[in-house]
Amino acid sequence: MQDIEDYLVKERDRQLQELKQLLSIPSISALSEHRGDVRRAAEWIRDSLSRAGFHHAAIMDTPGHPVVYADWLHRPNAPTVLVYGHYDVQPVDPIELWESPPFEPTVRDNHLYARGASDDKGPTFLHIKALEALLAVRGTLPVNVKFCIEGEEEVGSKHLDAFLDEHRDIFAADMVLISDTTMIRPDLPAIVYGLRGLAAGEVELRTASSDLHSGLYGGAVPNAVHALVELLSTFHDPDGRVTVDGFYDDVLEPSAEERAGYATLGHDDEAYRKSLGLTALHGEPGYSTLERVWVRPTLEINGISGGFQGEGTKTVIPSVATAKITCRLVPNQKSDHVLERIAEHVKKHQPKGAVAIFHKGHGGKPYLAPYDHPAIQLAAEAYAYAYPNKAVFTRMGGSIPVVETFSQLLKVPVVLMGFGLNEDRFHAPNERFSLDNFDRGLRTLCYYYSQLGDTWSSR
Ligand code: BES
Ligand code: MN
Ligand code: MN
């Protein structure tokens, strides 16, 4: 590996400069005014893959944002790895809290700061550069590689399932490799074998046919904001357990082995509490913090609106109020079932004098798979090449909707090798990617790719 190591040292500045270029493109998939920027990011990835030595680099259109494809398929007897990642990013608000502008990538205290630095442009970029290094130094790759880099992950990957189904042949592979998760600590990497899914919706509550003067009517009529607060307070018991009938119906309990494993990870509730600026943690009784965020479902109110929000006071009785809700789902919950149960709950707990409707939104499937496949085991060991420890196997609480689709559609192992950290501020101001993880991630991937062919054939 010394040849590769030397190459990485020699090329590091150029690689960092390139990543900064990608990070300077504001590819925010949720905002229509950035549609052109999203496409520019796709073009940048395509050109970068092409320059790295991949073939058939192309932008493939979907009804939404495009997918970038490229391949290198010159090892007839070796496995084919499908690398997935996303080049779209989350919105940047609240912008005033950024210490340097989100799309002017800046290095400070050994971190690269920019929106998308760690979720997921940085980690996806590492795959391109690791393979570029192998191709440049050795003139060939140890395995076949295809890329599927999408632009709609942060808005639920809504067109990707149908797109992959339509192009099954193009994306056929022996395994899928993804870097879009986090590590446990800077010295403790993780391979993720389970992710939570998602179910979204919105409560709309109405009382009178218009807002009313609180002097003329106050005391004699219902208030939509009061009614909404009353309704929302019925979703949980005081301990934090969800009280929607049937919510926990299909929930798979974690195995004793999983629970025992999580208990050895050295999670410290007190340090966790302090790091979040909290006076107390809050969650379902009977489960540890890691279990609460990895293997238990949630129902969260993400935002409420209604009534007067302007300067000063307004003596008004609001007639409309709404709340946005998302649930994190775990195996074997189905988003349709959960959303139906919430709709029933809303109807049943509609306060007197109010009409409450639940509008069902999008869903994303949870994921859980065995991790005994040699390609996954090798991934855990590969980290020890560049990190002080090999990786532990954990589930995580975030969602990557396409993972379950890959697993079902291609029926192949999915390897989730993360290089992000919880402190990287995914989706928040001052998102960053640790340059240690940039370097170690590249070395880990070079090592992994170079061993993969042999491991596969001796399996
Ligand atoms: N990369 C994250 C998911 C993630 C983060 C998994 C950390 C494991 C550990 C992904 O980009 C993400 O943010 N997903 C969204 C999906 C949603 C918008 C459909 C999420 O989890 O909220
Ligand atoms: Mn991501
Ligand atoms: Mn994300």
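**A two-manganese site and its surroundings in a predicted model**

The manganese ion (ligand 3) is coordinated by Asp-119 through OD, by Glu-154 through two OE contacts and by His-427 through NE2, at 2.1 to 2.5 Å. Donors are here N, O and S atoms within 2.8 Å of the metal (3.2 Å for Na, K and Ca), and sites may look incomplete because water is not among the atoms. The model is predicted, with pLDDT of at least 70 required for local features and 80 or more for side-chain atom pairs, while totals for chains, interfaces and linings use all residues. Residues are numbered from 1 along each chain as its sequence is written, chains are lettered from A and ligands numbered from 1 in the order in which they are written, and side-chain values use heavy atoms, without hydrogens or water.

The arrangement around the manganese ion (ligand 3) is irregular because its six donor atoms subtend angles of 56 to 157°. Under the criteria applied, four donors are tetrahedral if all angles lie between 85 and 135 degrees; four are square planar and six octahedral if opposite donors are over 155 degrees apart and all others between 65 and 115; anything else is irregular. For reference, ideal angles are 109.5 degrees for four tetrahedral donors and 90 or 180 degrees for six octahedral ones. The donor residues of the manganese ion (ligand 3) are spaced D-x34-E-x272-H in sequence. The pair formed by Glu-154, in the loop between strand S6 (144-150) and helix H4 (160-166), and His-427, in the loop between strand S17 (414-417) and strand S18 (432-434), links distant parts of the chain, 273 residues apart. Helices (H or I, at least four residues) and strands (E, at least two) are DSSP runs numbered from the N terminus. Glu-154 is buried, with a relative accessible area of 15%, whereas His-427 is partly exposed at 38%; buried denotes under 20% relative accessible area, exposed over 50%, and partly exposed the range in between (1.4 Å probe, protein chains only).

The second metal, the manganese ion (ligand 2), lies 3.6 Å from the manganese ion (ligand 3), and Asp-119 coordinates both. Coordination of the manganese ion (ligand 2) comes from His-86 (NE2), Asp-119 (OD) and, twice, Asp-180 (OD), at 1.9 to 2.5 Å. This site is also irregular, with angles of 55 to 163° among six donor atoms, and its donors follow the spacing H-x32-D-x60-D along the chain. His-86 in strand S3 (residues 80-86) and Asp-180 in the loop between strand S7 (175-178) and strand S8 (190-195) are 94 residues apart, so that the pair links distant parts of the chain. His-86 is buried at 0% relative accessibility, as is Asp-180 at 8%.

The shared ligand Asp-119 is joined to Asp-120 by a cis peptide bond with omega of about 5°. Asp-120 lies in the loop between strand S5 (111-113) and helix H3. Helix H3 (residues 121-138) comprises 18 residues and spans 26 Å from its first C-alpha to its last, close to the expected 26 Å, where the expected span is 1.5 Å times one less than the number of residues. H3 is mostly covered, 15 of its 18 residues being buried, and Gly-139, just after H3, adopts a positive phi of about 75°. Another cis peptide bond, with omega of about 0°, joins Asp-93 and Pro-94; Pro-94 is located in the loop between S3 and strand S4 (106-108).

Positive phi values also occur at residues that are not glycine. His-56, in strand S1 (residues 55-60), has a phi of about 50° and is exposed, with a relative accessible area of 60%. Asp-109, in the loop between S4 and S5, has a phi of about 35° and is exposed at 55%.

Voids were located on a 1 Å grid over the protein atoms alone: a cavity is a set of points where a 1.4 Å probe fits but cannot get out, a pocket is an open set with protein on both sides within 12 Å along at least five of seven lines, and lining residues have an atom within 4 Å of a point. Grid points are joined across faces, edges and corners, and a volume is the space filled by probe spheres set on the points. One cavity of 30 Å³ or more was found, and the volume of the largest cavity is about 30 Å³. Its lining consists of Thr-62, His-65, Val-67, Glu-150, Glu-152, His-159, Leu-160 and Phe-163. The second largest pocket has a volume of about 280 Å³; of its 14 lining residues, Tyr-193, Glu-257, Glu-258, Tyr-371 and Phe-393 are the closest to its centre. Helix H7 (256-263) and strand S16 (392-396) each give two or more residues to this lining, and H7 supplies the largest share, four residues.
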